[in-house]
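Subject: Structure handover

Hi there,

Here is the structure I promised to pass on to you. Please open it alongside this email, and then read on for what turned up in it.

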Amino acid sequence: MLDTNAVAGLLDPDDALNRCTTEAVMAWEDRGASFAVSLITWSELRVGAIRRGQAAEDALRGFRVAVIDEILVLSESIAEVAARIRAEDLSVRVPDALILATAHELGVATLLTADRKIAKISPELVQLIRPH
């Protein structure tokens, strides 16, 4: 599963995360992985693309077709897990808690993210991506 910051890093060649995220995704592709994003991530990405204009929207649509195999939807159980994550640490933003809860509840093998806070909460689930 790709977090919002991972997809943003992949889409922007000037992003500090571009190289390390590309390497991580390629390594997972070599192992036959499929890629999903949370509905929250998709919404965040759409906001950014809409604000940047048609070229960004076209690039995101192309990325969706080429890379993202599934957009994972939310459920009441995901909302409950997210609420527990946030209640334990109020510095975790609700969207981040929902993304992490989605990964947990749907049995995602790995969540690629640059978010150290999420990595600290679920080190067994997260592959932390860091700029080289």
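Below are the notes, going from the whole chain down to single residues.

Before anything else, please keep in mind that this is a predicted model.

**The chain as a whole**

The chain has 7 helices and 4 strands, and read from the N terminus their order is α-α-β-α-α-β-α-α-β-α-β. The radius of gyration is 14 Å, close to the 14 Å that the globule rule gives for 132 residues, so the chain is as compact as a globular protein of that length. If you want box dimensions, the C-alpha trace spans about 40 × 30 × 25 Å along its principal axes.

Of the 132 residues, 43% count as buried. Taking contacts between residues at least 6 apart in sequence, 58% of them join residues at least 24 apart. The exposed area of the chain comes to about 7,300 Å², and 54% of that is supplied by carbon and sulfur atoms.

**Salt bridges**

How many salt bridges does a search of the whole structure find? The search gives 7, and a few of them are worth a look.

Start with glutamate 44 and arginine 93, whose closest N and O atoms are 3.5 Å apart. This pair links distant parts of the chain, with the two positions 49 residues apart: glutamate 44 belongs to helix 3 (residues 39-52), while arginine 93 sits in the loop between helix 5 (76-88) and helix 6 (94-105). Both partners are partly exposed: glutamate 44 has a relative accessibility of 25%, and arginine 93 has 46%.

Arginine 93 also meets the side chain of aspartate 96 in a salt bridge, at 3.3 Å from N to O. Aspartate 96 is buried, its relative accessible area being 10%. That value is under the 20% cut-off, so aspartate 96 falls in the buried class.

A further salt bridge joins glutamate 57 to arginine 61, again with 3.5 Å between the closest N and O atoms. Here both residues lie in helix 4 (residues 54-66), 4 residues apart, which is about one turn of the helix. Glutamate 57 is buried at 14% relative accessible area, whereas arginine 61 is partly exposed at 42%. The two also take part in a network of salt bridges that links Arg46, Glu57, Asp58 and Arg61.

**Two threonines**

Threonine 4 ties in with the first salt bridge described above. Its place is in helix 1 (residues 4-11), and its side chain makes a polar contact of 2.5 Å with the side chain of glutamate 44. Leaving aside neighbours within four places in sequence, threonine 4 is in contact with Thr41, Glu44, Leu45 and Ile99. With a relative accessible area of 15%, threonine 4 is buried.

What is the relative accessible area of threonine 21? The value is 0%, and threonine 21 is buried. This residue lies in helix 2 (residues 18-30). A polar atom of the threonine 21 side chain lies 2.7 Å from the backbone oxygen of leucine 17. Not counting residues up to four places away in sequence, threonine 21 touches Ala6, Leu10 and Ile129.

**A buried isoleucine and a nonpolar patch**

Isoleucine 68 is found in the loop between helix 4 and strand 2 (70-72). Is this loop residue buried or exposed? Isoleucine 68 is buried, with a relative accessible area of 3%. Its contacts, apart from residues up to four places away in sequence, are Phe35, Val37, Trp42 and Phe63. As a distance to check in your viewer, isoleucine 68 and isoleucine 40 are 14 Å apart from C-alpha to C-alpha, with a sequence separation of 28 residues.

Valine 73 lies in the loop between strand 2 and helix 5. Valine 73 counts as exposed at 54% relative accessibility, because the cut-off for that class is over 50%. Together with Leu39 and Leu74, Val73 makes a nonpolar surface patch of about 240 Å².

That is everything from my side; happy to talk it over whenever you like.

Best wishes

Note on methods. Residues are numbered from 1 along each chain as its sequence is written. This is a predicted model: local features need pLDDT of at least 70, side-chain atom pairs count only at pLDDT 80 or more; totals for chains, interfaces and linings use all residues. Side-chain values use heavy atoms; hydrogens and water are left out. Buried means under 20% relative accessible area, exposed over 50%, partly exposed in between (1.4 Å probe, protein chains only). A polar contact is a pair of N or O atoms within 3.5 Å; within protein, one must be able to donate a hydrogen and the other to accept it, and residues adjacent in sequence count only if both atoms are side-chain atoms. Contact means heavy atoms within 4.5 Å. A salt bridge is a side-chain nitrogen of Lys or Arg within 4 Å of a carboxyl oxygen of Asp or Glu. The radius of gyration is taken over C-alpha atoms; the globule rule is 2.2 Å times the number of residues to the power 0.38. Accessible areas come from the Shrake-Rupley method with a 1.4 Å probe; for residues, only the protein chains shown count as cover. Patches are made of residues with over 30% relative accessible area and no salt bridge: like charges are joined within 9 Å, nonpolar side chains (Val, Leu, Ile, Met, Phe, Trp, Tyr) within 5 Å.
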